[in-house]
Amino acid sequence: RQKTGTRASLRGLHFTDPYTGWAVGRLDNPSGSVGVLLKTSDGGITWAQVGTNVMPGLNAVRFSDEKHGWVCGDGSDAFPTGLFVTADGGQTWDPVKGPRLPSCRGADALSAPKELLVAGAWGRLGSVGDAGYKEAELDPLAGRTVHAVACAKDAAFAACDGGAVLVSTDKGRRWGFANLG
């Protein structure tokens, strides 16, 4: 057990190497949530808080390399997508352009170093690239939340409420129900 210096609910973790890692989470209050972003450079022995009280509540963090990364969380009036990107190893974070999203819950880097697959509340699946957030085509999920995504060499997978698993073979552009039988 390691002390992080925060009482936040930590919800996402990603390491770019055995020493450098990121943890994200949220402090909830009656008016919404505040994002918490932590970084370690010593394998998790010590953690430093980055960007205090700037972002909305965060749920996921991913890096495709030591410089390119994303954090995902709740959409807000100030940050409609709830998505942020860095190209300088987390020194600065820029909001991603796009529509208001209720909450991004999971993320994984696609094969391209600057593209991220994101999943969230109310059946949201999409990708983030240079042009901002783009919604994917998928079969109706009847409002089910998509909690996690994982990218493999030739396919991407999404885990949803109600035991649903979705699969995409075109880098997250179109989705359908996976045949698990």
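## A salt-bridge network around arginine 26

In this predicted model, arginine 26 and aspartate 74 form a salt bridge whose closest N and O atoms are 2.1 Å apart. The pair joins distant parts of the chain: arginine 26 belongs to strand S2, while aspartate 74 sits in the loop between strand S6 (69-73) and strand S7 (83-86), and the two positions lie 48 residues apart in sequence terms. Both arginine 26 and aspartate 74 are buried. For arginine 26 the relative accessible area is 9%, and because the cut-off for buried is under 20%, arginine 26 falls in that class.

Arginine 26 has another partner as well: its side chain meets that of aspartate 28 in a salt bridge, at 3.2 Å from N to O. Taken together, Arg26, Asp28 and Asp74 are linked in a network of salt bridges. Is aspartate 28 buried or exposed? Its relative accessibility is 53%, so aspartate 28 counts as exposed. As background, side chains of opposite charge can pair when their charged atoms come close.

## Another salt bridge, between S11 and S12

A search of the whole structure finds five salt bridges. One of them brings together the side chains of glutamate 135 and arginine 124, with an N to O distance of 3.0 Å. Glutamate 135 lies in strand S12 (residues 132-135) and arginine 124 in strand S11 (residues 124-129), so this salt bridge ties together parts of the chain that are 11 residues apart in sequence.

How accessible are these two residues? Glutamate 135 has a relative accessibility of 33% and counts as partly exposed. Arginine 124, at 26%, counts as partly exposed too.

## The four-stranded sheet

Back to the strand that carries arginine 26. Four strands form an open sheet in the order S1-S2-S3-S4, with antiparallel pairing. Strand S1 (9-15) and strand S4 (48-50) stand at the edges; each has a single partner strand, so one side of each is left without a neighbour in the sheet. Neighbouring strands of this sheet are turned against each other by 30 degrees on average, direction ignored.

S1 and strand S2 (residues 21-29) pair in the antiparallel sense over six bridges. Which residue of S2 is the bridge partner of serine 9? It is arginine 26, the residue that also takes part in the salt-bridge network with Asp28 and Asp74.

The segment before S1 holds arginine 1, which counts as exposed at 98% relative accessibility. From arginine 1 to leucine 37 the distance is 19 Å, C-alpha to C-alpha, with the two residues 36 apart in sequence.

## S6 and its partners

The loop with aspartate 74 lies between S6 and S7, so let us look at those strands. Strand S5 (residues 58-63) and S6 pair in the antiparallel sense over five bridges, and the two form a hairpin with five residues between them. Within this pairing, phenylalanine 63 has glycine 69 in S6 as its bridge partner. S6 also pairs with S7, again in the antiparallel sense, over four bridges; here tryptophan 70 stands opposite valine 85.

How many of the five residues of S6 are buried? Five of five are, and the strand is mostly covered. In a regular strand the side chains alternate between the two faces of the sheet. In S6 both faces are covered: Gly69, Val71 and Gly73 are buried on one side, and Trp70 and Cys72 on the other.

## The largest pocket

The largest pocket holds about 230 Å³ of space. Of the 16 residues lining it, Val85, Val96, Val128, Gly129 and Asp130 are the closest to its centre. Val85 is the residue opposite tryptophan 70. S6, S7 and S11 each supply at least two residues of the pocket lining. By class, that lining divides into eight nonpolar, five polar and three charged residues.

## The enclosed cavity

The structure holds one cavity of 30 Å³ or more, and the volume of the largest cavity is about 30 Å³. Its lining consists of Leu101, Ser103, Cys104, Val118, Ala119, Gly120, Ala121, Arg124 and Tyr133. Strand S10 (residues 116-120) gives the most to this lining, with three residues.

Six of the lining residues are nonpolar, two are polar and one is charged. Arg124, listed in the lining, is also the salt-bridge partner of glutamate 135.

Key: Residues are numbered from 1 along each chain as its sequence is written. This is a predicted model: local features need pLDDT of at least 70, side-chain atom pairs count only at pLDDT 80 or more; totals for chains, interfaces and linings use all residues. Side-chain values use heavy atoms; hydrogens and water are left out. Two strands pair if DSSP finds at least two bridges between them. Axes are lines fitted to C-alpha atoms, for helices over the stretch in contact, and angles run from 0 to 180 degrees between N-to-C directions. On a 1 Å grid over the protein atoms alone, a cavity is a set of points where a 1.4 Å probe fits but cannot get out, and a pocket is an open set with protein on both sides within 12 Å along at least five of seven lines; lining residues have an atom within 4 Å of a point. Grid points are joined across faces, edges and corners, and a volume is the space filled by probe spheres set on the points. Ala, Val, Leu, Ile, Met, Phe, Trp, Tyr, Cys and Pro count as nonpolar, Asp, Glu, Lys and Arg as charged, and the others, Gly among them, as polar. Buried means under 20% relative accessible area, exposed over 50%, partly exposed in between (1.4 Å probe, protein chains only). A salt bridge is a side-chain nitrogen of Lys or Arg within 4 Å of a carboxyl oxygen of Asp or Glu.
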